[in-house]
Amino acid sequence: MWIGWIEFDILLGDVQSLKEKRSVIRPIIAELSRRTEASCAEVGAQDLHRRTEIGVSVVAAHATHVRDVLDQAERMLVENHPEVTLLSARRGLHSSGD
C-alpha cells in the first residue's frame with residue numbers, strides 16, 4: 001500500500017474577509033476531491049483571509065498511481081484557478097512497509 005500527500009500553500013486574490021475566503025476555496029476543494037477522487041481539505045492558515053493551505057491525500061496499491069493523482073491535482077489547481085497563486089507545493093510518499 002502506498003500513501004501520498006501534497007500540501008499547497010496558496011495566495012488568494014482580492015479577498016477581504018474569511019467569508020469571502022471560504023467562497024473561493026470551497027469550490028476548489030470540491031473540484032479537487034471530485035476530479036481526483038482523493039481526500040482534500042483546508043489544512044492550514046485558517047485564520048488568514050488571503051492565504052490558505054490545501055492538502056490532498058491518496059492511498060493506492062501502486063506508487064505510480066499515487067504520483068499521477070498528485071500531479072493531476074497540482075495541474076488542476078494551476079490551470080483551472082487563475083484567481084489564486086500557488087506559492088509552493090510539498091509532497092510526501094510512503095509505503096506501508098516503511
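Helices and strands here are DSSP runs, with at least four residues for a helix and at least two for a strand, numbered from the N terminus. With that in mind, begin the tour with the whole chain of this predicted model, coloured by secondary structure, which comes to 2 helices and 4 strands. Followed along the sequence, these elements give the pattern β-α-β-β-α-β. The radius of gyration of the chain is 14 Å, close to the 13 Å that the globule rule gives for 98 residues, so the chain is as compact as a globular protein of that length.

Staying with the whole chain, turn on the C-alpha atoms, which fill a box of roughly 45 × 25 × 20 Å along the principal axes. Of the contacts between residues at least 6 apart in sequence, 72% join residues at least 24 apart. If you then display the surface, its accessible area comes to about 5,700 Å², and 51% of this belongs to carbon and sulfur atoms. Selecting the charged side chains brings up 12 positive and 15 negative ones, and the centres of these two sets lie 3 Å apart.

Next, go inside: buried residues make up 37% of the 98 residues in the chain. Select Phe8, Ile10, Leu32, Ile54 and Val56, which have the most contacts inside the largest nonpolar core, a set of 22 residues. The elements that give two or more residues to this core are strand 1, helix 1 (18-36), strand 3 (51-60) and helix 2 (63-80), and helix 2 gives the most, with 6 residues.

From that core, centre the view on leucine 32 and show what surrounds it. Apart from neighbours within four places in sequence, leucine 32 is in contact with Glu37, Cys40, Ile54, Val56, Ala73 and Met76.

Move now to glutamate 7, which is found in strand 1 (residues 2-12). Is glutamate 7 buried or exposed? Its relative accessible area is 18%, and because buried means under 20%, glutamate 7 counts as buried. Not counting residues up to four places away in sequence, glutamate 7 touches Val43, Glu53, Ile54, Gly55, Ser88, Ala89 and Arg90.

For the last stop, select valine 24, which has its place in helix 1. Valine 24 has a relative accessible area of 22% and is partly exposed. Residues up to four places away in sequence aside, valine 24 touches Leu12, Val15, Glu83 and Val84. To finish, draw a distance from the C-alpha atom of valine 24 to that of cysteine 40, 16 residues apart along the chain, and the separation is 15 Å.

Conventions: Residues numbered from 1 in each chain as written. Predicted model: local features only at pLDDT ≥ 70, side-chain atom pairs only at ≥ 80, totals over all residues. Heavy atoms only, no water. Rg over C-alpha atoms; globule rule 2.2 N^0.38 Å. Buried < 20%, exposed > 50% of the residue type's maximum accessible area, 1.4 Å probe, protein only. Contact = heavy atoms within 4.5 Å. Areas by Shrake-Rupley, 256 points an atom, 1.4 Å probe, with all protein chains shown as cover. Lys, Arg positive; Asp, Glu negative; His and termini not counted. Charge placed at Lys NZ, Arg CZ, Asp CG, Glu CD. Core = buried A, V, L, I, M, F, W, Y, C linked by side-chain atoms within 4.5 Å.
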